Amino acid sequence: GLTRLDHVGIACRDLDASIAFYRTTYGFEVEHEEVNEEQGVREAMLRINGTDDGGATYLQLLEPTRPDSPVAKFLDRNGEGVHHIAFGTGDVAASAAGVGERGVRVLDKEPRHGTLGSSIVFLHPKDCGGVLTELVQAAEHP
Ligand code: CMX
Ligand code: CO
């Protein structure tokens, strides 16, 4: 099942400026940065909290790497702001299948590569009350 809020994804035009805002305003630090060419993003993960069992919740700051990417399209339409939420699961394929049986469109037939070797799928925002929703399974050996 879905056990936690893994992250909130935020679309920004300038990743370094966004990182600086979160550091200056709240004191959040970047734990990890990477480029995901498949998703068309340069991203930073800022850890908000962590639990003894290794669970954590992040902000995911997203800057587009190309103009036809989902985040670039979102910025063109809406400007900067909250782009998606992500729930954590121990088995993303099983969770996606379960949600799909309830009539929600799963956008990825097979899980794709996410942050730090995680496996991710996206659910259509029109089937989720206007919220683009991601399911994420952490890598076993990050
Ligand atoms: N949240 C809520 N609604 C959204 C949305 C978002 N992030 N993005 C698009 N929509 C809505 C639009 O407002 C639009 O609604 P209307 O028809 O009412 O105007 C509708 O969805 C279609 O929008 P679009 O601009 O034509 O966009 P597309 O259909 O081409 O793509 C989506 C939308 C969700 C299928 C696409 O963005 C997608 O596949 N996203 C998943 C991948 C992704 O977002 N990757 C980046 C993050 C990577 C990561 O987290 O690691
Ligand atoms: Co995400």
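## Fold, cores and ligand shell

The chain holds three helices and eight strands. Their order along the sequence is β-α-β-β-β-α-β-α-β-β-β. The chain's radius of gyration is 15 Å, close to the 14 Å that the globule rule gives for 142 residues, so the chain is as compact as a globular protein of that length. The C-alpha trace spans about 45 × 40 × 25 Å along its principal axes.

This is a predicted model. Confidence comes next. The average pLDDT of the chain is 96, and 99% of the residues score at least 70. Where pLDDT is low, predicted coordinates should not be read in detail. The scores for the model are ipTM 0.98 and pTM 0.97.

| Property | Value |
|---|---|
| Radius of gyration of the chain | 15 Å |
| Span of the C-alpha trace | about 45 × 40 × 25 Å |
| Residues of the chain that count as buried | 31% of 142 residues |
| Average pLDDT of the chain | 96 |

**Packing**

How much of the chain is buried? Of its 142 residues, 31% count as buried. Contacts with a separation of 6 or more were also counted, and 56% of them join residues 24 or more positions apart.

The largest nonpolar core has 13 residues. Within this core, I10, A11, C12, L61, L62 and V71 touch the most other members. Four elements each supply at least two residues of the core: strand 1 (2-11), strand 3 (41-50), strand 4 and helix 2. Another core, of ten residues, lies apart from it. Its members include V121, L123, L135 and V136.

Which residues does V71 touch, not counting those up to four places away in sequence? The list is A11, G40, V41, L62, P64 and H83. Two of these partners, A11 and L62, are named with V71 among the core residues that touch the most other members.

**Around ligand 1**

Ligand 1 has 21 residues around it. Those that come nearest are Q39, P70, F122, P125 and L132. By type, the shell divides into nine nonpolar, eight polar and four charged residues.

Which element gives the most to this shell? Helix 2 does, with five residues. Strand 4 (56-64), helix 2 (70-78) and strand 5 (81-89) each supply at least two. Strand 4 and helix 2 also each supply at least two residues of the largest nonpolar core. These two elements therefore serve both the core and the ligand shell.

Notes
Residues are numbered from 1 along each chain as its sequence is written. Chains are lettered from A and ligands numbered from 1 in the order in which they are written. This is a predicted model: local features need pLDDT of at least 70, side-chain atom pairs count only at pLDDT 80 or more; totals for chains, interfaces and linings use all residues. A residue is near a molecule or strand if its C-beta atom, placed from the backbone, lies within 6 Å of it. Ala, Val, Leu, Ile, Met, Phe, Trp, Tyr, Cys and Pro count as nonpolar, Asp, Glu, Lys and Arg as charged, and the others, Gly among them, as polar. The radius of gyration is taken over C-alpha atoms; the globule rule is 2.2 Å times the number of residues to the power 0.38. A residue is buried if 20 or more other C-beta atoms lie within 10 Å of its own, exposed if 12 or fewer, and partly exposed in between; C-beta atoms are placed from the backbone. Two residues are in contact if their C-beta atoms, placed from the backbone, lie within 7 Å. pLDDT is the predictor's confidence in each residue, from 0 to 100. A nonpolar core is a set of buried Ala, Val, Leu, Ile, Met, Phe, Trp, Tyr and Cys residues joined through C-beta atoms within 7 Å.
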